[in-house]
Structures are given as C-alpha cells and as structure tokens.
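Biologist: Before I use this model at the bench, I would like to know what lies behind the words used to describe it. Can we go through them one by one?

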Amino acid sequence: MADEVQRVFVPSAVEEDGNSLALGCFSTEETAWQVLRTFLKKSDQMLLTSASVVVWDIDVVGEGGITVLSTMECKDCPVCGRRTFWMDLENFSALCHGDACAAWVEESTVEPGIIDCGWPPVRFLKQTQNIEEAFKELFKIGDQMKAISRVESIPQNQTQAMLDEFKAQNPDLE
Ligand SMILES: [Zn+2]
C-alpha cells in the first residue's frame, strides 16, 4: 500500500459522568474538526463537560504516539444561554456552536493582550482589555436579548424579529 495511513485524528467528547464519546478517527485534521463542530452544535441536548481532538501516530507504543491538538471546555453561552459555548483554554478562544448564535471571544491576532469579542447576528464586535470585560459585554447582549424575548430560550422563528428589534434599540452597534 503506497498510501498507508501514518497518523489518525480523533475527536471525542466527555459527558458529565465522565463517559467518553468516540466520534470516529479520521485521516485529516480538517475532517476531525468538521465532525466535532457538527456534534457540538447539539451539545445543549447533552451533558458534556469537555471535548478534544487528539492525533494518534500509528505503530507507536505508549504515550509518545499521542498529541493533543486542542482541549475545550463547555460553558453556558453568555448570549443565548444554551450550553453550546466551547472554550479552548490553551490558545484562548471561545465560540458558541448553537444555531443562530456564534458568540465568540478571542485574543486579538494584531494586538496581543487585547481580547476581542463579538456576536455575528447583529455584527457586534468589541475590543476589551481582558477576558472578564469581554464576557461582560456578551452578557450585556444576552440580557438585552432576554429582555426582548422575556423567555429563557429563543424559538427559531422569532429570532429574526428579535434581532430587528434589538438592532432598532441599539443603533450604535452597527
Ligand atoms: Zn450562544
């Protein structure tokens, strides 16, 4: 076999009770991430605490054959409130994988030390001095969304109407 697989990319998730969910093993990192991201979209329907992508080198005995590419922890999203907010603690970045949300926090690539955060549905984007401030900004948006909907979770069909109302109330956001 000319194209023998040398290493495989293994995404997995861990449930609250410690049970590990295998999502398969893949020949490219890209596919592994795709599979994991798709899975994490529904993480609010499960009780997950963490997820990771690990590389396994074939035919290597012991831990030397394992490289952890990324470990993420699951939190409640500051904006939509669903448990779909995944934080990569090593190279700090966080993203909500929930439908119609995608709230995010990330260290600026141009200005190290500056923390950017955003919420794409209203093109909200803000630079802050630290992670706490970034989260405060996102919680503010979450509070405004809740005030508009007056319910904890947002039904899909109402999302657009709420976004319009939100934009009308916050003309300075755009
Ligand atoms: Zn969210």
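**Helices, sheet and core**

Modeller: Start with α1, which lies across β1, β3 and β5 and runs at about 15° to β1. The model is a predicted one.

Biologist: What makes α2 a helix that packs on the sheet?

Modeller: α2 touches β7 (104–107), β8 and β9. Its direction makes about 15° with that of β8.

Biologist: Why are β4 and β5 called paired?

Modeller: Pairing requires at least two bridges between two strands, and 4 bridges join β4 to β5, so the two count as paired. They run antiparallel. Methionine 72 stands opposite aspartate 88 in β5.

Biologist: Which strands stand at the edges of the sheet, and why are they called that?

Modeller: The open sheet has 9 strands in the order β2-β1-β3-β4-β5-β6-β7-β8-β9, with antiparallel pairing. β2 (20–22) and β9 (124–128) each have a single partner strand, so one side of each is left without a neighbour in the sheet. On average, neighbouring strands are turned by 20° against each other, direction ignored.

Biologist: How do you know that the largest nonpolar core lies between the domains?

Modeller: That core has 31 residues, and Ala51, Cys77 and Trp86 are among those with the most contacts inside it. α2 gives the largest share, 4 residues. Domain 1 (1–75) and domain 2 (93–174) both contribute residues, so the core lies between them.

Biologist: What is tryptophan 86 in contact with, leaving aside its neighbours within four places in sequence?

Modeller: Its contacts are Leu40, Ala51, Met72, Cys74, Ala94, Leu95 and His97. For each of these, the C-beta atoms lie within 7 Å, so the pair counts as a contact.

How values were computed. Residues are numbered from 1 along each chain as its sequence is written. This is a predicted model: local features need pLDDT of at least 70, side-chain atom pairs count only at pLDDT 80 or more; totals for chains, interfaces and linings use all residues. A nonpolar core is a set of buried Ala, Val, Leu, Ile, Met, Phe, Trp, Tyr and Cys residues joined through C-beta atoms within 7 Å. A residue is buried if 20 or more other C-beta atoms lie within 10 Å of its own, exposed if 12 or fewer, and partly exposed in between; C-beta atoms are placed from the backbone. Domain bounds come from an automatic or database domain assignment. Two residues are in contact if their C-beta atoms, placed from the backbone, lie within 7 Å. Axes are lines fitted to C-alpha atoms, for helices over the stretch in contact, and angles run from 0 to 180 degrees between N-to-C directions.
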